Amino acid sequence: MNRQGKTPRFKRQRRLLTELPGMGKAGALERRPYPPGQHGLQRRKYSEFALQLEEKQKLRFHYGLREEQFRRLINKAKKSKATNWVEALVNILEKRLDNVVFRLGFAGSIPAARQLVSHGKVLVNGKKVNIGSQVIKVGDKVALTPEAYENQVYLQAKQTPRLPLPSFLVKEDVAGTEQGRLTDEPNLEAVPFAFEPGLVIGFYSMRG
């Protein structure tokens, strides 16, 4: 079970017919690439609302946010100077420290990365940070504490990377350990699965 509710992670992904890497282990759709339930193999008729709902749920579940957290970030994105608030939203989501730790391959999922951060195992520009929602800036350096490089979370993620390193991050070897650096602003292409920004805009334009 995950902390976003009582639905197991694989079932959530099957319901959305999309692998959401941030939720962890790959393979949600490999054996049963159809929605859960006794009618899973039947073709579903989608209303516009259903399409919009599923599209925003993809983002929310991948980044591991509750609805109220997600809405707060949407409100922040709407106040930015970006012409497309969904792109501003993605920029914020991808620069959250928990996501950066995940995208650097220091943890196999965003929840695992968040745990590393909350336990004081992550350094930003050499200083411990224990808030996973902190948004880092271009040029910031992200590393783990020395003992965290021996942690099973890191070792397992290093052995089986969940995603390739995105273009807005680089990894460097510093004194024999990996360190990451944010080199550019993430855009819509940073999202590691297919989604339609217009449907997300449509969902919240009708519901505030």
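By class, the residues that line the second largest pocket comprise four nonpolar, six polar and two charged members. The model in which this pocket is found is a predicted one. The pocket has a volume of about 230 Å³, and its lining is formed by Gly24, Lys25, Gly108, Ser109, Ala112, Gln152, Val153, Gln156, Ala157, Thr160, Pro161 and Arg162. Helix H7 gives the most to this lining, with four residues.

The pocket sits within a chain of mixed architecture. Eight helices and five strands make up the secondary structure of the protein chain. Read from the N terminus, the elements follow the order α-α-α-α-α-α-β-β-β-α-β-β-α. The protein chain has 208 residues, of which 46% count as buried. Among contacts with a separation of 6 or more, 58% link residues that are 24 or more positions apart.

Helix H6 offers a good place to look at packing in detail. This helix spans residues 110-118, and its buried residues are Ile110, Ala112, Ala113, Leu116 and Val117. These residues lie on the same side of H6, because they cover an arc of only 160 degrees around the axis. An α-helix has 3.6 residues a turn, so residues three or four places apart point the same way. The partners of this buried set come from both helices and strands: it packs against helix H2 (48-63), helix H5 (97-103), strand E1 (122-124), strand E3 (141-144) and helix H7 (152-159).

Both ends of H6 carry features of their own. At its start, the backbone nitrogen of alanine 112 has a side-chain oxygen of serine 109 within 3.1 Å. Ser109 and Ala112 also appear together in the lining of the second largest pocket. Beyond the helix comes glycine 120, with a positive phi near 75 degrees.

Two of the elements that pack against H6, helix H5 and strand E3, each hold a residue that merits a closer look. Arginine 103 belongs to helix H5. Despite its charged class, arginine 103 counts as buried, because its relative accessible area is 7%, under the 20% cut-off. Its side chain is joined to that of glutamate 94 by a polar contact of 3.0 Å. With neighbours within four places in sequence left aside, arginine 103 is in contact with Glu94, Leu163, Pro164, Leu165, Pro166, Leu169, Ala190 and Pro192.

Strand E3 contains alanine 143, which is likewise buried, at a relative accessible area of 10%. Again leaving aside neighbours within four places in sequence, the contacts of alanine 143 are Phe106, Lys121, Val122, Leu123, Tyr149, Glu178 and Gln179. Between alanine 143 and lysine 127, the C-alpha to C-alpha distance is 9.4 Å, for a sequence separation of 16 residues.

A contrast to these two buried residues is found in helix H3 (residues 67-78), where glutamate 68 has its place. Glutamate 68 has 42% relative accessibility and therefore counts as partly exposed. Its side chain and that of arginine 66 are joined by a polar contact of 3.1 Å.

Note on methods. Residues are numbered from 1 along each chain as its sequence is written. This is a predicted model: local features need pLDDT of at least 70, side-chain atom pairs count only at pLDDT 80 or more; totals for chains, interfaces and linings use all residues. Side-chain values use heavy atoms; hydrogens and water are left out. Buried means under 20% relative accessible area, exposed over 50%, partly exposed in between (1.4 Å probe, protein chains only). The arc is that of the directions from the helix axis to the C-beta atoms. Contact means heavy atoms within 4.5 Å. A polar contact is a pair of N or O atoms within 3.5 Å; within protein, one must be able to donate a hydrogen and the other to accept it, and residues adjacent in sequence count only if both atoms are side-chain atoms. On a 1 Å grid over the protein atoms alone, a cavity is a set of points where a 1.4 Å probe fits but cannot get out, and a pocket is an open set with protein on both sides within 12 Å along at least five of seven lines; lining residues have an atom within 4 Å of a point. Grid points are joined across faces, edges and corners, and a volume is the space filled by probe spheres set on the points.
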